[in-house]
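Work through the exercises below with the model open. Try each task before reading its solution.

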Amino acid sequence: MDYKKNFWLVFLVLFINLPMQTSAQLSVLKKTFSRADTLKGNLTPLRSCYDINFYHLDVKFNIDKRFISGSNLFKFTATQDFTKLQFDLFANLNIDKIVYHNQVLTYTREANAVFISFPELIKKDNKDEFTVFYSGYPNAALKAPMESGVVFAKDSLGYPLVSTACESKGASIWWPNKDHLSDEPDSMLISVSVPKDLKEVSNGRLRKITDLKNGYKKFDWFVGSAINNYNVAVNIGNYTHFSDSYAGEKGKLTLDYWVLPYNLPRAKADFTKNVKTILKAYEHWFGPYPFYEDGYKLVETPYPAMEHQSAISYGGYMRGGPENDWVGIPKGEKWDFIILHETAHEWFGNNITAKDFADLWIHEAFGSYAESLFIESLYSKKAGQEYIHGNRTGIANDRSVVGPYHVNQMGSGDMYSKGAMLLNTVRTIINDDEKWRSILRGLNEMYYHQTVTYDHIINYICAQSGKKLESVFDQYLHYKSLPVLELAVKEGKLNCRWIAEAEGFDMPLRIRISKGAYQFIYPSAKFTPIDLAGISAENIETDTFNYYIGLIKAD
């Protein structure tokens, strides 16, 4: 494999933390879930009893010692009466104290969960708050973002370059929070203190910089939109800044870029070429950029990429890492893959966020599919579909794309390419491109700044399309094997049926007679004749360009 030409696939394999193996090898890989997995992944009454409204994370980075210290203010609304709740912080980090109404609370810890009891009943619908003070040596991530933690690196001139990356393990690997995807704060203040000769960039908008008179400066960033915990980012470095703006569907969108000084010429050429064109295509397909209030940023990091909301981590200029891929079509312009893929997550992943890590396919299937829509916007529908088709080589069919629920575990890495292929198939079945575009935009409007389940997404697409597609999504997302179309000649007529695990699988399929016009047939689990004059086992052609299926041909 040419790693330079297949950066996206290498990143995918690294991100899910698996070696490159055959499908047979991958199929036997199993994970035993621990108590810590359950405490992290399960929305128990001790977590569902309160809804987070606001965080103020205030943290200091001692880079030389790789030590952090600070606090996080939890503002919440009680969803029921309770006296006890759970928040999350990895066990290797110390809790210095927990303060509630000027009282220091007692607490217990189990694995990476923290349990606190309040001195009085907190009643349903009441708004309240507490503050956790903490410190310690956070996990250092050597292979971010597939490893979670804090990346302590240096740039080419020897300046510190520090960034966080915590999608797979969760944000509690470096700061205390209610670490479950289902609950996002409505807004957040991120205050980060760093050595005074460095700059710090987080999500949202910079409110102020304070000289602390002790060799440190504090940077206050305010996020005015709902944000999931793993998207909260710290980036520390010897950054230089340049800016631009984009005239989008909701008006002027600020574009801010934070890069290392020696990469400034490359960044100006790359970002100026890519960002506005990508935003224009995505706004066409998905609706307005979801975070006009917080702006759009690219921030250079010492690892490949991460979709940190309004502050995308960009490692395209990494020294010693895999070269960033530029994607496009033969003899066409090439486009920066990192910007293309991670920007798509502002709609799918950040605007619409899965409630459970098992449904991370909602982020990655749509994020990968978006790449093809960008290619389509620039060139043609056929070019976009060819892009999807070409990525089939990365599909392992190793296990379910949907992961196990309530244990903070994602499904197969096939969520990228197989997920994109599935969405293109659904579009083909709907057979109305404007309706398909309205569905993609409608999803982002209906679930604007919300968390969603598998059923939310599937039910919306089925309802808006008027198609019964539940079994199609079920087969491709819950089973590793492909549906197989079996052809057989019975009583002189060509018959067909689907072989699939999904109950009631009846995916409409496009077929034709030897390069003629495609038309739909509707196979089921039972053999039925194909009602097309002149069709035979010799001249039937199935649309395997847009459908990813197995085929058993008639004798």
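**Exercise 1. Where does helix α5 bend, and by about how many degrees?**

Solution. The model is predicted. Follow the axis of α5 to Phe271, where the helix bends by about 30°. Next, take the span. α5 has 23 residues and reaches 31 Å from its first C-alpha to its last. The value expected at 1.5 Å a residue is 33 Å, and the span is close to that. Now look at what follows the helix. Gly287 comes after α5, and its phi is positive, near 100°.

**Exercise 2. Describe how α5 packs against α6.**

Solution. Begin with the geometry. α5 covers residues 264-286 and α6 covers residues 337-344. Their axes lie 10 Å apart, at an angle of about 35°. The crossing of α5 past α6 is right-handed.

Then list the contact residues. From α5 come Asp270, Phe271, Asn274, Val275, Ile278, Leu279 and Tyr282. They meet Ile339, Leu340, Thr343 and Ala344 of α6. By class, the residues of this contact are eight nonpolar, two polar and one charged.

Last, check burial in α5. Its buried residues include Asp270, Phe271, Asn274, Val275, Ile278, Leu279 and Tyr282. Among the buried residues are also Ala267, Trp285 and Phe286.

**Exercise 3. Why can α7 be called largely enclosed by the rest of the structure?**

Solution. First, locate the helix: α7 spans residues 361-378. Its 18 residues reach 26 Å from first C-alpha to last, close to the 26 Å expected. Then count burial, with a cut-off of under 20% relative accessible area. Of the 18 residues of α7, 16 are buried, so the helix is largely enclosed by the rest of the structure.

**Exercise 4. Is Ser193 buried or exposed?**

Solution. Ser193 belongs to strand β11, residues 187-195. Its relative accessible area is 5%, so Ser193 is buried. Now find its contacts, leaving aside neighbours within four places in sequence. They are Val59, Lys60, Phe61, Leu212, Tyr216, Lys217 and Lys218.

**Exercise 5. Place Glu470 and Tyr479, then give the accessibility of each.**

Solution. Take Glu470 first. Glu470 sits in helix α12. With a relative accessible area of 36%, Glu470 is partly exposed. Not counting residues up to four places away in sequence, Glu470 touches Ile458 and Cys462.

Move on to Tyr479. This residue is in the loop between α12 (470-478) and β25 (484-490). Tyr479 is partly exposed, at a relative accessible area of 29%. Beyond its neighbours within four places in sequence, Tyr479 contacts Lys418, Asp474, Glu501 and Ala502. Finally, take a distance. The C-alpha atoms of Tyr479 and Arg427 are 21 Å apart, with the two positions 52 residues apart along the chain.

**Exercise 6. Which peptide bond is cis, joining Ala144 to what residue?**

Solution. Read omega: it is about 5° for the bond that joins Ala144 and Pro145, a cis peptide bond. Then place the proline. Pro145 is in the loop between β8 (127-136) and β9 (149-154).

**Exercise 7. What is the phi of Lys213, and what is the phi of Lys515?**

Solution. Lys213 has a positive phi of about 65°, although it is not a glycine. Lys213 lies in the loop between β13 (205-211) and β14 (216-223). Its relative accessible area is 72%, so Lys213 is exposed.

Turn to Lys515. Its phi is positive too, near 65°. Lys515 lies in the loop between β27 (509-513) and β28 (519-521). At a relative accessible area of 69%, Lys515 is exposed.

Notes:
Residues numbered from 1 in each chain as written. Predicted model: local features only at pLDDT ≥ 70, side-chain atom pairs only at ≥ 80, totals over all residues. Heavy atoms only, no water. Axes fitted to C-alpha atoms, helices over the stretch in contact; angles between N-to-C directions. Helix = DSSP H or I, 4+ residues; strand = E, 2+ residues; numbered from the N terminus. Left-handed = near helix turned anticlockwise from the far one by under 90°. Contact = heavy atoms within 4.5 Å. Nonpolar A, V, L, I, M, F, W, Y, C, P; charged D, E, K, R; others polar. Expected span 1.5 Å × (residues − 1). Bend = angle between axes of the 7 residues up to and from the residue. Buried < 20%, exposed > 50% of the residue type's maximum accessible area, 1.4 Å probe, protein only.
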